[in-house]
Structure formats: structure tokens, C-alpha cells
Amino acid sequence: MKILVTGGAGFIGANFVHTTVEEMPDAEVVVLDKLTYAGNPASLAGLDRVTLIEGDIADPDTVDPLVKDADLVVHFAAESHNDNSLNDPSPFITTNLVGTFVLLEAVRKYGVRYHHISTDEVYGDLELDDPNKFTPTTPYNPSSPYSASKAGSDHLVRAWVRSFGIAATISNCSNNYGPFQHIEKFIPRTVTNLIDGVKPRLYGAGLNVRDWIHVRDHNTAVWAIVNKGEIGKTYLIGADGELNNLQVVQMILEEFGYDKNDFVHVNDRPGHDLRYAIDNSSLLELGWEPQFEDFTAGLHDTVTWYRENEDWWRPQKDAVEAKYAKTGQ
Ligand code: NAD
Ligand code: DAU
């Protein structure tokens, strides 16, 4: 089986490539990745049956022959960071919307199975005491340029299924954590700050809730949907991992053996979504179960990974913190 993985040098895509070649001896993986600041070829080092092609998903000449040659396209590539989208929305439109359009056109032309990786952020946010969680029928209500561009890309996929009959599925997942995550993101930023003796930065009061899932559980869910999901259907991926940011910072401080109040409050994110929460019942119907439900244990392993892989993240650290300093974060 030939699998085209877009964005496979990024966080979730790289983890997907690792588990795919580990668990599928017959799989050949082609990674198409622009290698932006978020893509790192080192995340794929040493893997057999993986070819990395540096290129842009928004370029039809690059995309067309790769899709033609594939049995399956799993589309992870995106500009993925909310804070960046608030500083400069432009690449989010080009990659997340135009890039998805280019892939869909190639998939339509060659009749290739397509899985679209999206986010729970397309549904906006929930009140802290809302008894309801996001479901596949929750109305779209994105808040940031990032989530709006992801919402738009989902709409393109749905239209290509209905109008052109492409064989596509969509998944909308909650916040991932684990190895290979870029250090601009909350958990790895906090962990690498502590390794450097710098206090964690908490946006606002820290009461915003995220529904954390280990990246390996996200990727097993993607395979469950590719293998057993219904064409045209949307699946929500989550593992009942709701925690607020204050709780997460304090758990990381405790993991390091530090005082759990040794963090600083910084400027809040404009338009900051309050709470995400996933109703995963349609996914459970496929027989999928999460394997990393113990967040404390997953966090411990993640902290260990960042301690042991400083060569992987160190080159980015000063630039990331300089960017945050400009917005008082
Ligand atoms: P990431 O930023 O770590 O990686 C994105 C990858 O895409 C990078 O390797 C980058 O070089 C590549 N890329 C960017 N623009 C490209 C282009 N024009 N052409 C080709 N490659 C390009 O992102 P991530 O956190 O791994 O997220 C992957 C996907 O999962 C995204 O679609 C994101 O919206 C979605 N998602 C992420 C999370 C999360 O918690 N991180 C949760 C749900 C959904
Ligand atoms: O819900 C899925 C989404 O999760 C994905 O679609 C995105 O690609 C992914 O980046 C993530 O989005 P968030 O904006 O929730 O993740 P981030 O790691 O940027 O922030 C998590 C929370 O932590 C959020 O409420 C902001 C807060 N935060 C973030 C940073 C970087 C802090 O309090 N301090 C920080 O230093």
C-alpha cells in the first residue's frame, strides 16, 4: 500500500508515519512537506520505507503525480498555530484552504481514497458548565484565522464528496500532546522553559479548558476511520481528557519537582476559546479505544522525551521565545 502523508515532518504527521511503518510491514510512505519552521526532517530520521519530498501542497505540479501514485492520501499539512494566525493570517489561507483545494482536485482526478485531518476548533468553544460536548452535528463557529481556515477546508471536503463523489472521511480531533511537538505549543513550551530554568507562561487566568489526547491515540483513531469509517462521514476524536491550563501547568511543575505556583500570568490570546470537549461516541462505534488515558503518565513520558531530545528542539528555542516576547506572552 502506498500512502501519501502530507505534513509528515510535523508533529502529528511524523508520529503517524512512525506508527504506520512500525505496524504495517507492507506500507510504503511518501511524505510531502514544505518543511516550514514547523517541519523537521529529523523527526523521520532512520525510518525505512519512507520517502520525504520537500514541496508545497498548494502547488498542483508537485501534488498531481504524487496523488496519482498513491492508494491513500492522509492530509495533515497545515499552518497549525492559533497565535501565529493572529500575527499573520496569510499562510493559513494559502496552505489550509488553497492547499486542501489542490489535493482535493488531484484526488478527484485519480479517484484516490482521502482522509482529512481537522480540528475540534471548527466548532468554536463551549461554556465551562455546558453539559453538551462537540458532536459531528455541532454548527461550525470558528474563532481565529487558524480555525476559520480549517473550517473552510472541511467545507471543501464535504462539497467534493457531495458534488464529485470523492471517497473522503474527515476527523476533528482535540488537543494532542506527545513527542515531536513544536515548542511553540503550550505543553512543550512549558516543558522546555522549565528545562531552561524559565517560569511557565499562563495566558490570562489559565481557566481555558482543553481536551487532551495522546498523539498515538489520535493516530490509531485515524487508522480506524480509514479502515472502517463511512465515506463522507465526519468523526470526532477525543479521549475524555478535559483539563484547564492552570491544572496542566501545575502538573508539569510537579513533574519537575517545583512549587506548583511557580509560573507567571502573561497577556491573554485575543479571542481565546474558553473550552473544547469532544463527544467521541461515533468513533467508539468503530471499535476504537484510547491506550494513553493516564495523562500524568503520558506527561511524564513526554517530559522525558524533551529532556532526552534537546538536540531536536534547542535550535528553535530562542526564536520562539523572541516571537512571544513581542506580544507580551
Ligand atoms: P505542525 O505545525 O506540527 O505540522 C504541520 C506540518 O505541515 C509541518 O511539517 C509543515 O512543514 C507542513 N506544512 C505546512 N505548510 C505546508 C504546505 N503548504 N505544504 C506542505 N507541507 C506544509 O502541525 P500538527 O500539530 O502536527 O497538526 C497536523 C494537523 O492536525 C493539522 O491539520 C492540524 O490542523 C491538525 N490538528 C492538530 C491538533 C494538535 O493538537 N496539534 C489537534 C487537532 C488537529
Ligand atoms: O484543539 C485542537 C487544536 O489544539 C489544534 O487544532 C491546534 O493545531 C493546536 O495548536 C491546539 O490549539 P490550542 O490553541 O488549543 O493549543 P496551544 O498549545 O497553542 O495552547 C493550548 C492552551 O494553552 C490555550 O488555551 C492557550 C494556552 N497557552 C498557550 C501557550 C503557548 C498558555 O497558557 N501559555 C502558553 O505559553
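In helix H5, the buried residues are Tyr146, Ser147, Ser149, Lys150, Ala151, Gly152, Ser153, Asp154, Val157 and Trp160. This briefing concerns a predicted model. Two residues of that helix, Tyr146 and Lys150, are among the closest to ligand 1, and Tyr146 is also one of those that come nearest to ligand 2. A search of the whole structure finds 15 salt bridges.

**Helix H5**

- Helix H5 covers residues 145-164; at 1.5 Å a residue, its 20 residues should span 28 Å, and the end C-alpha atoms are 28 Å apart, which agrees.
- The cover over the buried residues of H5 includes two helices, H3 (82-87) and H4 (90-110), together with two strands, S5 (113-119) and S6 (168-173).
- Gly165 follows the helix and has a positive phi, near 70°.

**Ligand 1**

- Ligand 1 is surrounded by 28 residues, of which Ile12, Asp33, Ser80, Tyr146 and Lys150 are the closest.
- Lys150 places a polar side-chain atom 2.6 Å from an oxygen atom of ligand 1.
- Backbone atoms also take part: a polar backbone atom of Thr36 is 3.1 Å from an oxygen atom of the ligand, and a backbone N or O atom of Ile57 lies 3.0 Å from a nitrogen atom of ligand 1.

**Ligand 2**

- Around ligand 2 there are 24 residues, and Thr119, Asp120, Tyr146, Arg269 and His272 come nearest.
- A polar side-chain atom of Asp120 lies 2.5 Å from an oxygen atom of ligand 2, while for Tyr146 a polar side-chain atom lies 2.6 Å from an oxygen atom of this ligand.
- The side chain of Asn175 has an N or O atom 2.8 Å from an oxygen atom of ligand 2.

**Salt bridges**

- Arg269, one of the residues that come nearest to ligand 2, meets Asp83 in a salt bridge with an N to O distance of 2.7 Å.
- This pair links distant parts of the chain, 186 residues apart: Arg269 is in the loop between strand S13 (264-266) and helix H9 (281-284), and Asp83 is in helix H3. Both Arg269 and Asp83 are buried.
- Lys133 and Asp240 form a salt bridge whose closest N and O atoms are 3.2 Å apart. The two residues are 107 residues apart, with Lys133 in the loop between S5 and H5 and Asp240 in the loop between strand S11 (234-237) and strand S12 (242-244).
- Lys133 has a relative accessible area of 30% and is therefore partly exposed, whereas Asp240, with 53%, is exposed.
- Glu184, Lys185 and Lys323 are joined into one network by salt bridges that share partners.
- Lys34 pairs with Asp56 in a salt bridge, the closest N and O atoms being 3.6 Å apart. Lys34 lies in the loop between strand S2 (28-33) and strand S3 (50-54), and Asp56 in the loop between S3 and helix H2 (60-68), 22 residues apart.
- Relative accessibility is 43% for Lys34, which counts as partly exposed; Asp56, at 22%, also counts as partly exposed.

**Asp211, a buried residue with no salt bridge**

- Asp211 belongs to strand S9 (residues 209-211).
- Asp211 is buried and has no salt bridge; Lys133, the nearest side chain of opposite charge, is 5.4 Å away.
- The Asp211 side chain instead reaches the backbone nitrogen of Gly241 at 2.6 Å.
- Beyond its neighbours within four places in sequence, Asp211 is in contact with residues including Asn175, Asp240, Gly241 and Tyr276.

Notes. Residues numbered from 1 in each chain as written. Chains lettered and ligands numbered in written order. Predicted model: local features only at pLDDT ≥ 70, side-chain atom pairs only at ≥ 80, totals over all residues. Heavy atoms only, no water. Helix = DSSP H or I, 4+ residues; strand = E, 2+ residues; numbered from the N terminus. Buried < 20%, exposed > 50% of the residue type's maximum accessible area, 1.4 Å probe, protein only. Lys, Arg positive; Asp, Glu negative; His and termini not counted. Salt bridge = Lys/Arg side-chain N within 4 Å of Asp/Glu carboxyl O. Polar contact = N/O pair within 3.5 Å; in protein donor to acceptor, adjacent residues only side chain to side chain. Contact = heavy atoms within 4.5 Å. Expected span 1.5 Å × (residues − 1). Near = heavy atom within 4 Å.
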